[in-house]
Amino acid sequence: MSTSVYPAPPAGPESRLTEPHVLDNAAWAALTGPQAHLAERHGRAARFPTDVSPFTALADPTDARAWDDLALLVGPGALTPVTAVRTVPDGWEIEQSGEGVQMVATALRDAPAPEAVRLGLADVPEILELIALTRPGPYLPRTVELGTYLGLREDGRLIALAGERLRPPGWTEISAVCTHPDHRGRGLATRLVRAVARGIRERGDTPFLHAAASNTNAIRLYESIGFTLRHRTRFLLVRAPGGPVEPLGHDGQERAELREEQA
């Protein structure tokens with residue numbers, strides 16, 4: 001795997017002056033920036049509507065007050081995924097964790113895909129069917145509202161998909177990249193990634209994406225088309241303090257989907 005495109009800050013006093021990068025807490029930057037119109041927020045915590053995206057974010061994951069705000073936002077005993085987090089305060093429980101990678105487009109060649117179609121709310125049932133089959137990551141009934149989603153059809157059937165998810169200032173995440181198993185090996189996903197990247201760059205943003213660290217095939221593909229590892233990420237599925245304990249099997253499908261693609 002390639003090394004980080006952003007070298008580590010120098011040691012010594014000057015390192016204290018290094019500002020955090022906007023992608024270090026991409027979900028918070030999106031929810032308080034270009035996608036603030038979708039945000040549900042309480043103080044130092046924010047989330048997307050639960051039928052848009054499952055992810056929540058904290059202004060400062062080391063601030064106990066932000067966690068208190070998140071507990072009020074999601075409710076007692078709620079299960080919620082969080083990003084840019086390494087540890088949780090007392091009272092919170094880690095239900096699941098996973099390692100991921102964040103990659104940025106440094107040499108990606110974008111290109112239009114004239115045969116691709118823009119997908120909308122009317123296409124959601126078919127999108128969800130393809131997502132359930134391929135499991136690229138969580139996708140909900142209103143996820144399509146996060147940005148442009150493009151699809152490829154064959155004989156009227158949706159066979160490949162890619163689109164936009166998080167939009168921190170100056171950046172747009174490419175997400176939900178998937179191809180029906182019967183149509184893999186034809187470069188359809190690459191074609192859609194290039195097409196989505198074209199739209200992202202046309203509005204002045206830089207494409208980036210996330211993948212599970214264990215998904216080495218996807219990482220190799222992304223590297224081969226011009227993405228570079230920026231840094232490693234950690235995903236946590238956490239339970240808020242209080243509330244009844246849910247059965248072990250609750251949200252099993254959502255947990256499996258969240259493992260596939262960390263944000």
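Which residues does Tyr222 touch, not counting residues up to four places away in sequence? The legends below take us to the answer, view by view, through a predicted model.

**View 1. Tyr222 and its neighbours.**
Let us start with the opening question: leaving aside residues up to four places away in sequence, Tyr222 touches Met103, Val177, Leu209 and Phe227. You can find Tyr222 in helix 5, which covers residues 216-224. Tyr222 counts as buried because its relative accessible area is 9%, and the cut-off for buried is under 20%. Take a moment with one of its partners, Leu209: this residue and Tyr222 are 13 residues apart in sequence, and their C-alpha atoms are 9.2 Å apart in space.

**View 2. The largest nonpolar core.**
Here we step back from Tyr222 to see the group it belongs to, the largest nonpolar core, with 29 residues. Within this core, Ile174, Tyr222 and Phe227 touch the most other members. Many elements join in: strands 5, 7, 8, 9, 10 and 11 each give two or more residues, and so do helix 4 and helix 5. Which element gives the largest share of this core? Helix 4 does, with 8 residues. A gathering like this fits a broader pattern, since nonpolar side chains tend to be buried together in soluble globular proteins.

**View 3. Another core.**
Apart from the largest nonpolar core lies another one, made of 16 residues. Leu38, Ala46, Val52 and Val104 are among its members, so try finding these four in the structure above as landmarks.

**View 4. The largest pocket.**
Now look for an open space: the largest pocket has a volume of about 610 Å³. Its lining is made up of 28 residues, and those nearest its centre are Val177, Cys178, Asn215, Ala218 and Tyr222. Tyr222 is thus a familiar face here, being a member of the largest nonpolar core as well. Two or more lining residues come from each of strand 9 (171-179), helix 4 (188-202), strand 10 (206-212) and helix 5 (216-224). Strand 9 gives the largest share, 6 residues. Sorted by kind, the lining holds 13 nonpolar, 10 polar and 5 charged residues.

**View 5. The second largest pocket.**
How many residues line the second largest pocket? There are 22, and Leu23, Asp24, Asn25, Ala84 and His231 are the closest to its centre. The volume of this pocket is about 360 Å³. Helix 1 (26-31) and strand 11 (227-239) each provide at least two of the lining residues. By kind, the lining splits into 11 nonpolar, 7 polar and 4 charged residues.

**View 6. Thr172 in strand 9.**
This close-up returns to strand 9, where Thr172 is found. Is Thr172 buried or exposed? Thr172 counts as buried because its relative accessibility is 0%. Its contacts make a long list: not counting residues up to four places away in sequence, Thr172 touches Glu164, Leu166, Arg167, Ile200, Arg203, Asp205, Thr206, Pro207 and Phe208. Pick out Ile200 from that list: it sits 28 residues from Thr172 along the chain, yet the two C-alpha atoms are separated by 6.6 Å.

**View 7. Two alanines with a positive phi.**
Most residues other than glycine have a negative phi, so exceptions are worth a look. Ala84 has a phi near 60° and Ala176 has one of about 55°. Where does Ala84 lie? Ala84 is in the loop between strand 4 (79-82) and strand 5, whereas the place of Ala176 is in strand 9. Ala84 counts as partly exposed because its relative accessibility is 33%. Ala176 counts as buried because its relative accessibility is 4%.

**View 8. The whole chain.**
To finish, zoom out to the protein chain, which has 6 helices and 11 strands. The chain has 263 residues, and 50% of them count as buried. Among contacts with a separation of 6 or more, 74% join residues 24 or more positions apart. The chain exposes about 12,000 Å², with carbon and sulfur atoms supplying 52% of that area.

How values were computed. Residues numbered from 1 in each chain as written. Predicted model: local features only at pLDDT ≥ 70, side-chain atom pairs only at ≥ 80, totals over all residues. Heavy atoms only, no water. 1 Å grid on protein atoms, 1.4 Å probe; cavity = no way out; pocket = protein on both sides within 12 Å on 5 of 7 lines; lining within 4 Å. Points joined across faces, edges and corners; volume = space filled by probe spheres on them. Helix = DSSP H or I, 4+ residues; strand = E, 2+ residues; numbered from the N terminus. Nonpolar A, V, L, I, M, F, W, Y, C, P; charged D, E, K, R; others polar. Buried < 20%, exposed > 50% of the residue type's maximum accessible area, 1.4 Å probe, protein only. Contact = heavy atoms within 4.5 Å. Areas by Shrake-Rupley, 256 points an atom, 1.4 Å probe, with all protein chains shown as cover. Core = buried A, V, L, I, M, F, W, Y, C linked by side-chain atoms within 4.5 Å.
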